[in-house]
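Student: Can you walk me through this one? I have not looked at it before.

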Amino acid sequence: MLDVLKGKTVFPPPLWMMRQAGRYLPEYRETRRRAGSFLDLCYDPDLAVEVTLQPIERFGFDASILFSDILVVPHALGRDVRFEEGRGPLLTPITAPEIAALESKTFHVNLEPVYETVRRLRAKLPDETTLIGFCGAPWTVATYMIAGHGTPDQAPARLFAYREPAAFQHLLKVLADHSAAYLIRQIEAGADVVQIFDSWSGVLDDASFDLFCVQPVAEIVGRVRAVHPDVPIIGFPKGAGARYRTYRQKTGVTALGIDWTVPLVAAKDLQRLGAVQGNLDPLRLVAGGEALSDGVEAILKTLGDGPLIFNLGHGITPETPIAHVETMVKLVRSATR
């Protein structure tokens with residue numbers, strides 16, 4: 001994977017899945033039950049290491065991604081975060097005056113269990129398995145902080161940004177500064193690569209995309225590169241569509257994670273500028289059969305002669321059959337040109 005991120009072509013390409021440690025695995029569900037709550041699982045290094053390694057032990061993926069959540073950053077800044085079964089993450093919506101009062105003095109202390117998890121993972125993983133650290137992009141994290149939960153089009157955050165532009169820009173800056181520091185600490189603990197997830201970039205107009213998505217991520221990339229210039233950074237602006245190229249050029253990310261709606265001919269064009277990661281529709285993996293094999297074949301045929309990290313176009317869904325994951329791994333690893 002590190003060779004691909006340097007722009008080299010490797011075939012068959014390296015392979016991992018977003019959310020590869022998760023509810024589709026029975027061993028994950030058992031560990032999650034023992035943890036008590038989702039955040040307890042994120043903050044318990046013993047259990048977080050256990051679930052991070054589960055898909056590596058089962059499938060032998062080429063990369064392992066730290067088990068955590070993008071909302072540990074606002075949690076470490078003093079906001080309440082909880083996860084309820086069937087409802088997902090819930091937060092108390094932040095107000096404009098509260099943004100100025102975000103508490104950063106104990107930020108790294110609060111996240112020390114995550115750094116310890118990274119240290120243990122790097123010690124336990126095979127040398128050839130890339131360890132990925134991550135954070136949420138400021139825009140996506142801010143949407144949850146403002147609405148208090150996920151919404152279909154993140155209208156609460158968009159309205160807040162229009163009505164309270166100064167407060168919203170301050171929130172993005174606080175999140176960018178702390179997210180960069182968070183990624184730097186993960187790298188120091190042993191992460192080989194870091195990824196920035198912007199799951200809600202696709203709901204914005206052009207001006208807002210540049211202001212809310214591109215500029216804060218460019219700030220994070222610059223801060224991380226100033227300390228660790230050689231560590232690859234993957235940006236994943238889900239739903240960016242025609243703006244993927246602009247995102248790559250303006251943020252300076254090493255590689256682009258592309259969602260499943262990106263046409264392969266467009267992905268090929270993006271690949272000429274550097275590595276791409278993706279972009280199998282997660283529901284092809286659920287369906288299996290020809291839907292799966294056709295999807296894998298199309299990606300390898302179009303993108304396999306350039307720097308590619310094979311992945312899904314978003315996270316694996318809980319209902320995915322394990323047998324289908326095994327099939328996907330075999331299809332990718334047995335592929336020939």
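Tutor: We will go through the sheet, then some helices, then two single residues. Keep in mind that this is a predicted model.

Student: Fine. Which strands make up the open sheet, and in what order?

Tutor: The order is β1-β4-β5-β6-β7-β8-β9, so to speak from one side to the other, with parallel pairing. That open sheet has 7 strands.

Student: Which ones are the edge strands?

Tutor: β1 and β9. Each of them pairs on one side only.

Student: How much are neighbouring strands turned against each other?

Tutor: By 25° on average, with direction ignored.

Student: Let's zoom in on β4. Is it buried or exposed?

Tutor: Buried. β4 covers residues 130-136, and 7 of the 7 are buried, so the strand is largely enclosed by the rest of the structure.

Student: Which way do its residues point?

Tutor: Thr 130, Ile 132, Phe 134 and Gly 136 point one way. Leu 131, Gly 133 and Cys 135 point the other way. In a regular strand, side chains alternate between the two faces of the sheet.

Student: What does β4 pair with?

Tutor: β1, residues 63-65, pairs with β4 in the parallel sense over 3 bridges. β5 also runs parallel to β4, joined by 5 bridges.

Student: And what stands opposite Ile 132?

Tutor: Ile 65 does, and so does Val 193 in β5.

Student: Helices now. How long is α12?

Tutor: It has 22 residues, 206-227. From first C-alpha to last it reaches 31 Å, close to the 32 Å expected.

Student: Where is the kink in α12?

Tutor: At Val 214, shortly before the proline Pro 216. The kink is about 30°.

Student: Which residues of α12 are buried?

Tutor: Val 214 and Pro 216 are among them. Others include Phe 209, Phe 212, Cys 213, Ile 220 and Val 224.

Student: What covers those buried residues?

Tutor: The cover includes the helices α9, α10, α11 and α13. Strands β5 and β6 are part of it too.

Student: How do α10 and α11 pack?

Tutor: At an angle of about 115°, with their axes 5 Å apart.

Student: Which residues meet there?

Tutor: From α10, Ala 157, Phe 160, Ala 161, Tyr 162 and Arg 163. From α11, Pro 165, Ala 167 and Phe 168. These divide into 7 nonpolar, no polar and 1 charged.

Student: What about Ile 187, where is it?

Tutor: In helix α11. Ile 187 is buried, with a relative accessible area of 9%; the cut-off for buried is under 20%.

Student: What is Ile 187 in contact with?

Tutor: Val 194, Val 224, His 228 and Val 231, leaving aside neighbours within four places in sequence. Val 224 is one of the buried residues of α12.

Student: How far is Ile 187 from Tyr 247?

Tutor: They are 60 residues apart in sequence and 23 Å apart in space, C-alpha to C-alpha.

Student: Back to the sheet. What joins β8 to β9?

Tutor: 5 bridges, and the two strands run parallel. Gly 278 stands opposite Phe 310 in β9.

Student: Where does Asn 311 sit, and why does it count as buried?

Tutor: Asn 311 is in β9, residues 308-312. It counts as buried because its relative accessibility is 1%.

Student: Which residues does Asn 311 touch?

Tutor: Trp 16, Met 17, Met 18, Gln 277, Gly 278, Asn 279 and Leu 280, not counting residues up to four places away in sequence.

How values were computed: Residues are numbered from 1 along each chain as its sequence is written. This is a predicted model: local features need pLDDT of at least 70, side-chain atom pairs count only at pLDDT 80 or more; totals for chains, interfaces and linings use all residues. Side-chain values use heavy atoms; hydrogens and water are left out. Helices (H or I, at least four residues) and strands (E, at least two) are DSSP runs, numbered from the N terminus. The expected span of a helix is 1.5 Å times one less than its number of residues. The bend at a residue is the angle between axes fitted to the seven residues ending there and the seven starting there. Buried means under 20% relative accessible area, exposed over 50%, partly exposed in between (1.4 Å probe, protein chains only). Contact means heavy atoms within 4.5 Å. Two strands pair if DSSP finds at least two bridges between them. Axes are lines fitted to C-alpha atoms, for helices over the stretch in contact, and angles run from 0 to 180 degrees between N-to-C directions. Ala, Val, Leu, Ile, Met, Phe, Trp, Tyr, Cys and Pro count as nonpolar, Asp, Glu, Lys and Arg as charged, and the others, Gly among them, as polar.
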